[in-house]
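Colleague: I have a model open on my screen and a list of questions. Can we go through it together?

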Amino acid sequence: MSVSSIKKSQKESLLFRSISELFRETTLEDKNRESLMVSRVKLSDDKGVCIIFFYTTGGLEEFKQKLKILLLYKGSLRRALARSIASRYTPELVFKFDDQYEKQQRIENLLEQVKGEDSSTD
């Protein structure tokens, strides 16, 4: 693993923690965003763009409705992020729906079913 990829993964981790915390704090003020959950972040190779993946129990359709609200907060979220992390540049923020989360949940449910079936046969 190269040094730049380690630094990139460390910065992604820092951004994820900071964004999640900022989002959690501001969600208390705006109930329109309470069903949204930050599930992961991904930095572009040049670290100029941060894709924030969200999951909502209402799926992609609910996310599309909430995206309008997210876009209104984009500037203030980026400013707050710039204040909370020690970095020369704050990346541009892009919001996307995380369909991987649903896939992961299905896999975990299947594993739990198999685990339950396995323990009942012992």
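Modeller: Start at strand β3, and keep in mind that this is a predicted model. One face of β3 is covered, and L93, F95 and F97 form it. The other face is uncovered, formed by E92, V94 and K96.

Colleague: Which strand does β3 pair with, and in what sense?

Modeller: Look for the bridges. There are six of them between β3 and β2. Within that pairing, L93 of β3 has C50 opposite. The partner is β2, and the sense is parallel.

Colleague: Is K96 buried, exposed or partly exposed?

Modeller: K96 lies in strand β3, on the uncovered face. Its relative accessible area is 38%. Buried means under 20% and exposed means over 50%, so the value falls in between. K96 is therefore partly exposed.

Colleague: What does K96 touch, apart from residues up to four places away in sequence?

Modeller: One of its contacts is I51, 45 residues away along the chain. The C-alpha atoms of K96 and I51 are separated by 6.9 Å. The full list for K96 is I51, I52, F53, F54 and F63.

Colleague: How far apart in space are K74 and F95, C-alpha to C-alpha?

Modeller: K74 lies in helix α2 and is partly exposed, at 23% relative accessible area. Leaving out residues up to four places away in sequence, K74 touches E92, L93 and F95. K74 and F95 are 21 residues apart in sequence. In space, C-alpha to C-alpha, the distance is 9.1 Å.

Colleague: Now the other side of β2. How many bridges join β1 and β2?

Modeller: These two strands pair in the antiparallel sense. L36 stands opposite T56 in β2. Their hairpin has five residues between the strands. The bridges number seven.

Colleague: Which residue in that hairpin takes a positive phi?

Modeller: Most residues other than glycine have a negative phi. Here, the loop between β1 and β2 holds a lysine with phi near 60°. Its relative accessible area is 26%, so it is partly exposed. The residue is K47.

Colleague: Which ring lies under R40?

Modeller: R40 lies over the face of an aromatic ring. The distance from the ring centre is 3.8 Å. The ring belongs to F53.

Colleague: How many aromatic pairs are there in the whole structure?

Modeller: Ring pairs link F23, F54, Y55, F63, F95 and F97 into a cluster. The search covers the whole structure. The count is five.

Colleague: Why is the pair of F23 and F54 called tilted?

Modeller: A pair of aromatic rings is described by the distance of the centres and the angle of the planes. For F23 and F54, the centres are 5.2 Å apart and the planes stand at 55°. Under 30 degrees would be stacked and over 60 edge-to-face, so the rest count as tilted. With its planes at 55°, this pair is therefore tilted.

Colleague: Which elements does that pair link?

Modeller: F23 and F54 are 31 residues apart, in distant parts of the chain. Both are buried: F23 at 5% relative accessible area, F54 at 1%. The linked elements are helix α1 and strand β2.

Colleague: Which β3 residues does F54 contact?

Modeller: Set aside its neighbours within four places in sequence. The remaining contacts of F54 include F23, L36, F63 and L70. Strand β3 covers residues 92–97. The contacts of F54 there are F95, K96 and F97.

Colleague: Which element gives the most residues to the largest nonpolar core?

Modeller: That core has 21 residues, and L15, I19, C50, I52 and F54 touch the most other members. Elements giving two or more residues are α1, β1, β2, α2 and β3. The top contribution is five residues. It comes from α2.

Colleague: Last one. What pattern does the protein follow along the sequence?

Modeller: There are three helices and three strands. Of the 122 residues, 33% count as buried. Among contacts with a separation of 6 or more, 62% join residues 24 or more positions apart. The pattern is α-β-β-α-β-α.

Conventions
Residues are numbered from 1 along each chain as its sequence is written. This is a predicted model: local features need pLDDT of at least 70, side-chain atom pairs count only at pLDDT 80 or more; totals for chains, interfaces and linings use all residues. Side-chain values use heavy atoms; hydrogens and water are left out. Rings of Phe, Tyr and Trp (its six-membered ring) pair if their centres lie within 6.5 Å; planes under 30 degrees apart count as stacked, over 60 as edge-to-face and the rest as tilted. Helices (H or I, at least four residues) and strands (E, at least two) are DSSP runs, numbered from the N terminus. Buried means under 20% relative accessible area, exposed over 50%, partly exposed in between (1.4 Å probe, protein chains only). A charge sits over a ring if NZ of Lys or CZ of Arg is within 6 Å of the ring centre and within 35 degrees of the ring normal. Two strands pair if DSSP finds at least two bridges between them. A nonpolar core is a set of buried Ala, Val, Leu, Ile, Met, Phe, Trp, Tyr and Cys residues joined through side-chain atoms within 4.5 Å. Contact means heavy atoms within 4.5 Å.
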